[in-house]
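User: Please give me a close look at the charged pairs of this chain, and follow it with the surface and backbone features that deserve attention alongside them. I would prefer one connected account, with each residue placed in its structural context.

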Amino acid sequence: KKNSVGMYVCGPTVYSDVHLGNCRTFISFDVIFRYLKHLGYNVRYVRNITDVGHLEDTGEDKISKKAKVEQLEPMEIAQKYTNSFKDVLRKFNVLNPSIEPIASGHITEQISIIEDLLEKNLAYISNGSVYFDISKYNEIDSYGKLSGRDLDKIKSNSRNLNSQGDKINEFDFALWKKADKNHLMKWNSPWSLGFPGWHLECTAMSNKYLGEEFDIHGGGIDLKFPHHDCEIAQAVGYNGKQPAKFWIHTNMLTLNSKKMSKSLDNNILPDQLFTGKNDIFSKSYDPNIIRFFFLQAHYRNELDISEDAIQSSEKGFNRLIEMIDRLDNLKVAKTKNDKILNSIKEWEKNCYSCLDDDFNTPMLIAEI
């Protein structure tokens with residue numbers, strides 16, 4: 001649509017505190033959101049909250065599992081960590097999205113899509129669960145074309161719940177799962193008392209709030225396969241149209257050149273970094289400095305966070321703030337200097353060129 005941008009970004013699964021890698025993703029899309037608005041576009045930015053259907057490899061819902069551990073209701077867990085997520089992004093000066101829908105609030109829409117896919121013979125019922133049929137979909141389009149995965153050469157990464165035997169094909173993925181009697185989160189459906197598959201929620205919510213076709217779909221690079229490939233398959237099966245014109249993925253954040261992992265004791269939460277209460281960094285760091293550090297690398301590139309790197313960013317950030325303060329205190333000259341004005345106009349043009357080139361924030365920072 002002319003002068004309008006529809007952008008959907010996969011939000012967090014709210015079963016624990018948001019980690020720094022997630023924050024990098026949402027800060028990157030905050031820059032994109034702000035810049036598109038600055039250019040004059042009417043931007044509808046949808047970022048979802050996943051509170052159901054995202055499963056452990058064992059088949060247990062992540063939020064239900066945490067609810068049992070903390071002896072709370074699943075929705076208490078979802079609310080607790082949604083609040084924590086929003087609080088952290090507020091500290092990072094991230095704007096709120098236009099719409100922030102939750103998966104459990106769109107069960108009706110998800111059931112409707114499943115019914116449509118069943119009618120089109122792109123899905124099948126198995127023991128009360130419903131699966132998307134990859135082999136039938138491949139007759140109309142190519143599954144996995146976003147990630148470029150060759151299904152014949154890799155093992156299945158689909159989130160399989162209780163039994164592989166329920167599925168016809170190895171790569172078929174769950175649209176609806178029948179819940180066992182101990183499962184905490186379940187809803188009525190035409191097929192069973194159960195819950196929707198993880199991939200389905202984003203198709204339902206992007207379709208509802210942005211339409212059958214929209215401009216940008218984003219998320220972390222780990223979501224490209226299988227999550228986003230599954231979204232495309234569902235949307236094409238349901239609407240007959242490719243959902244997004246552009247797919248944008250942010251790359252990984254590592255810590256001291258190693259993968260962030262709680263099990264490897266190589267993990268730090270944003271608030272631990274802000275307060276200095278951690279065993280990895282020697283002092284506390286302002287959220288603005290961490291944001292500035294993130295933007296010194298292109299969002300598509302892997303980024304390693306370390307104390308030396310943050311301290312270098314801190315020096316650059318402080319120089320920038322000092323210059324802004326000095327500029328604010330300058331007096332306006334009474335006479336024009338065309339040479340200086342032309343130089344500033346050329347510099348300003350270069351700054352726009354940087355962000356026009358795939359939102360290249362490191363190049364922009366170099367210009368500044």
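Analyst:
**Charged pairs and their surroundings**

Lys145 and Asp141 are joined by a salt bridge in which the closest N and O atoms are 3.0 Å apart. The two partners differ in their cover: Lys145 is partly exposed, with a relative accessible area of 40%, whereas Asp141 counts as buried, because its relative accessibility is 15% and the cut-off for buried is under 20%. Elsewhere, salt bridges that share partners link Asp87, Arg90, Lys91 and Asp271 into one network. The model is a predicted one, and with a salt bridge taken as a side-chain nitrogen of Lys or Arg within 4 Å of a carboxyl oxygen of Asp or Glu, the count comes to 17.

Two further pairs show how such bridges can be placed along the chain. Side chains of opposite charge can pair when their charged atoms come close. The side chains of Glu109 and Lys208 do so in a salt bridge of 2.7 Å, taken from N to O. Because Glu109 lies in helix 4 and Lys208 in helix 6 (residues 200-210), this pair ties together parts that are 99 residues apart in sequence. Both ends are partly exposed: Glu109 has a relative accessible area of 22%, and Lys208 has one of 45%.

The second pair stays within a single helix. Lys66 and Glu70 meet in a salt bridge with an N to O distance of 3.7 Å, and because they are four residues apart in helix 2 (residues 62-70), about one helical turn separates them. An α-helix has 3.6 residues a turn, so residues three or four places apart point the same way. Here too both partners are partly exposed, Lys66 at 21% relative accessibility and Glu70 with a relative accessible area of 23%.

**Helix 11 and a nonpolar patch**

Turning from charged to nonpolar surface, Ile340, Ile344, Trp347 and Ile368 form a patch with about 390 Å² of accessible area together. Ile368 belongs to the segment after helix 12 (361-367), and this residue is exposed, with a relative accessible area of 52%.

Helix 11 spans residues 338-356, 19 residues in all, and reaches 27 Å from its first C-alpha to its last, which is close to the 27 Å expected at 1.5 Å a residue. Cys351, Cys354 and Leu355 are buried in this helix. Seen down the axis of helix 11, the buried residues fall within an arc of 90 degrees, so they line one face of the helix. That buried set packs against helix 1 (20-38) and helix 12, while Lys339, Lys345, Lys349 and Asp356 are exposed on the other side of helix 11.

**Backbone geometry**

The loop between helix 11 and helix 12 holds Phe359, a residue other than glycine whose phi is nonetheless positive, near 55 degrees. Phe359 counts as buried, because its relative accessible area is 14% and buried means under 20%.

Asn121 also has a positive phi, about 65 degrees, although it is not a glycine. Its place is in the loop between helix 4 (107-119) and strand 3 (123-126), where Asn121 is partly exposed, with a relative accessible area of 43%. The C-alpha atoms of Asn121 and Leu55 are separated by 26 Å, and these two residues lie 66 residues apart along the chain.

The last backbone feature is a cis peptide bond that joins Phe225 and Pro226, with omega at about 5 degrees. Pro226 lies in helix 7, which runs over residues 224-239.

To return to the charged pairs, the bridge between Glu109 and Lys208 connects helix 4 with helix 6, and the one between Lys66 and Glu70 lies within helix 2.

Notes: Residues numbered from 1 in each chain as written. Predicted model: local features only at pLDDT ≥ 70, side-chain atom pairs only at ≥ 80, totals over all residues. Heavy atoms only, no water. Patch = residues over 30% accessible without salt bridge, like charges linked within 9 Å, V, L, I, M, F, W, Y side chains within 5 Å. Areas by Shrake-Rupley, 256 points an atom, 1.4 Å probe, with all protein chains shown as cover. Helix = DSSP H or I, 4+ residues; strand = E, 2+ residues; numbered from the N terminus. Buried < 20%, exposed > 50% of the residue type's maximum accessible area, 1.4 Å probe, protein only. Expected span 1.5 Å × (residues − 1). Arc of directions from axis to C-beta. Contact = heavy atoms within 4.5 Å.
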